[in-house]
Amino acid sequence: MIKYIYNSEVNDLIKLKDVSKIYYNNGVVGTGFSNISVEFKIGEFVVIVGESGSGKSTLLNVISGLDTYEEGEMYINGEETSHYVEQDFEEYRRKYVANIFQSFNLVNSYTVKQNVELVLLINGYDSKTIKNRVSEILKNVGLWELRNKKVTKLSGGQKQRVAIARALAKETPIIIADEPTGNLDSESAKQIFELLHNMSKDKLVVVVTHNLEQVEKYATRIVRMHDGHIIEDKKIKKIEEVKPQTATHKEMSFTSKYFLALRNTFNIIPRFLIILGVFLAVSITILGEYADINNSDYQDAVLGASSIFIDNSPERIIINKPDKKIITDDDIKELEAMEHIKRVVTKDWLLDQYVHFSNDERFLERATIGIIDDYDGDLSKGTKPVKDGEILLVGNKDSIDFLYIDDWFNKRGTIEIPMPSNTNGFLDNPLIDAVITGYTYDNSLSTSYLKFYVTENTFKEIQAFFTALSSKILLDFGDDNKFEEMIRLTQIVLSKDVPKSTIYISNNRANYIDQNFFRDDITLIQNSFYGTNSKKVNVLRKELDDPSVMAMINPYDIYDLLPTENYQLSLYADDYKRVDELVNKLRDMGYNVYPVKDTNTLPSAIVKLYDFINYISIGFIILGLFLVSNFIISLVLKSKTTYYAVVRILGGNIKLNKNLISLELFNCMNIAFILTIILTFLNLYKVIDIEALNNAIRFLKPIHFVAVYIVLIIFSQLLSRRYSKKIFKDSMITTYNGEI
Ligand code: ADP
Ligand code: MG
């Protein structure tokens, strides 16, 4: 690292000895200038003239450190520069040189004030000093009134004054102006030269111009160039010996960098929106994919076919006690209080039965039943059941039934209770009048079945029918006269119209039966797995409409005989991943435990293959996203290449530019991530509906969001690196010229 202490022993600030600039363009060699030997001192106001193509700009670029030279020696403040690398020239430009160009090179999206601020920020001034300096300088060049105007709104003369203000703010000992008035009318040109003159007191000013007559009075020296050579070098005024002021250049603080990056983030709104859009798409896609993998993990567990259970939710665990012991209310309380147990369901066999719903237009198949009190989610439409027979339908959104929603929503029909599979088919299914008053989506359900939530009464009624349908009816007439039949195998019809504790025997069948059996003290016996219960019933002859029906009985008579104690329960874990842990705990507590997920059969090799495909595909998706975003963001950032070139001309090094780019992308990325989270929640509360986010909340934990965030950080940093590499691979002036 070179130290810049002004060396008062050395008179020449810049000294060239036989320096040549040679261009190599596609194998063709051209000369910018050749064998130039010249020195410049502090206090000089050098005017360079010469026809177009004579090498004036090339000379200025070389002495500004914006371009390289090929031959000869260049001394800066007495130090030879042939060993200089780009970083050394960066330092030199930062501390020594302020450039003014014909084409102004202002940041067009900035205001006057912001343009001047930029150079002060880059040179590490604190915000208070910046504020004071900016107003001082702007007043100085007569731009105070225009300070908040975008520079694009200014006239050429005003723009060049901004450029001069910027050069002033840089506080360098050298000011180099390449045709600063080339684009200006003569009145504006006059003002610009005046300003240059005013600031030249303790500096070296080198101006290239065609308006010699306007600047002659200020010049201390006139240099004429022709065909790459200096053909005349005339000192026309004596210069006073001056000691230059040493400017204090500090490293830019992180706060200033961040402030600048923040300004650049929002500076051009369409640009910001495009970058934001890219990051938003990336973050939603990755999050969605991630959630999908977790979801499919879950689906593998759910969708694995169970030949035993209809409700084969992987969270479900069935328990009972050894030796058919009763599960007491206290036991239930204890279970409900356990960690990771979400729900305890008694009389759980109904979970594995399903019903149908039909009306004149539509037949909804395979719905399992729940009590509405157990449902605590929201409704997509309609109302929760309040009256018996009302149904809340919950189903996977992709379920075909939702396509025909108008056929069934709020239209009266019946719940149909299917006969157990070995029915002989003589009897009609039991029916319950019903209407679907509300529905909602739950994509964790399989598309192959629905869920009905009904009132507790209706639930009981369905339960009574199911139980009765699966029961044997045993009538004890005394004296060893017993009558036993499976209800579903005979023509015994279940009907709520039959009074409780009554059995109707059809008149035409009654003739074949001992008349002694028609009494009110016949014993109805229910044998269950857990014991035997009985009650007295009244057996009556009755004229029945349907000649095929032998007898009728109220299903509650059978249901009531079931043991009221609990022998078996279903528990639901709050997360299926907790099931194994719960199973162990419950076994330790002395229960027989049957995790339903273990009865699901899906070959594990297939599950593994799915997982593998999933991870491969997310890899490809991330790669694809990266390539697409790299393309779009590069295009968008390319529009800023001029900006970064300007920053470099003003003394910002490549590192600073890289920081600015990566901070800007970091900002956009953060905003996109926050938006993603907001969108996820809006999705959760059904304000909006983005497919990719549907599973995100359900299946992702905060740690997953953190993971996606880290992916995004890496993503944005890779993008900024790739882009910086591209724009900084060429030398300063090539990048710059390529853009103008
Ligand atoms: P002036 O500023 O005096 O008009 P320049 O310094 O721009 O002249 O150009 C001097 C010579 O160098 C010209 O012959 C020009 O064609 C050549 N030149 C300038 N820039 C390049 C470049 N990037 N590549 C090749 N030749 C160049
Ligand atoms: Mg030129």
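No salt bridges were counted between domain 2 and domain 4 in this predicted model. Polar contacts are likewise absent from the interface of these two domains: zero residue pairs satisfy the rule when both partners are required to have pLDDT 80 or more. On the side of domain 2 that touches domain 4, three residues are charged, one is nonpolar and none is polar.

The two domains belong to a chain divided into five parts. Domain 1 spans 2–250, domain 4 spans 350–465 and domain 5 spans 471–559. Domain 2 is assembled from 263–298 and 606–739, and domain 3 from 306–347 and 567–599. The C-alpha centres of domain 2 and domain 4 are separated by 45 Å. Four residues of domain 2 and four residues of domain 4 make up the contact. About 460 Å² is buried between domain 2 and domain 4, with carbon and sulfur atoms contributing 37% of this area.

Nonpolar packing was examined next. In soluble globular proteins, nonpolar side chains tend to be buried together. The largest nonpolar core of the model comprises 94 residues, and Leu118, Leu196 and Phe279 have the most contacts inside it. Domain 1 and domain 2 each supply at least three residues to this core. With residues up to four places away in sequence left out, Leu196 touches Phe45, Ile100, Ile164, Ile175, Ala177, Pro180 and Val207. A second core, separate from the largest one, holds 48 residues. Leu393, Ile436, Ile503 and Ile522 are among the members of this second core.

Methods: Residues numbered from 1 in each chain as written. Chains lettered and ligands numbered in written order. Predicted model: local features only at pLDDT ≥ 70, side-chain atom pairs only at ≥ 80, totals over all residues. Heavy atoms only, no water. Domains from an automatic or database assignment. Contact = heavy atoms within 4.5 Å. Buried area = accessible area lost by both parts, 1.4 Å probe. Salt bridge = Lys/Arg side-chain N within 4 Å of Asp/Glu carboxyl O. Polar contact = N/O pair within 3.5 Å; in protein donor to acceptor, adjacent residues only side chain to side chain. Nonpolar A, V, L, I, M, F, W, Y, C, P; charged D, E, K, R; others polar. Core = buried A, V, L, I, M, F, W, Y, C linked by side-chain atoms within 4.5 Å. Buried < 20%, exposed > 50% of the residue type's maximum accessible area, 1.4 Å probe, protein only.
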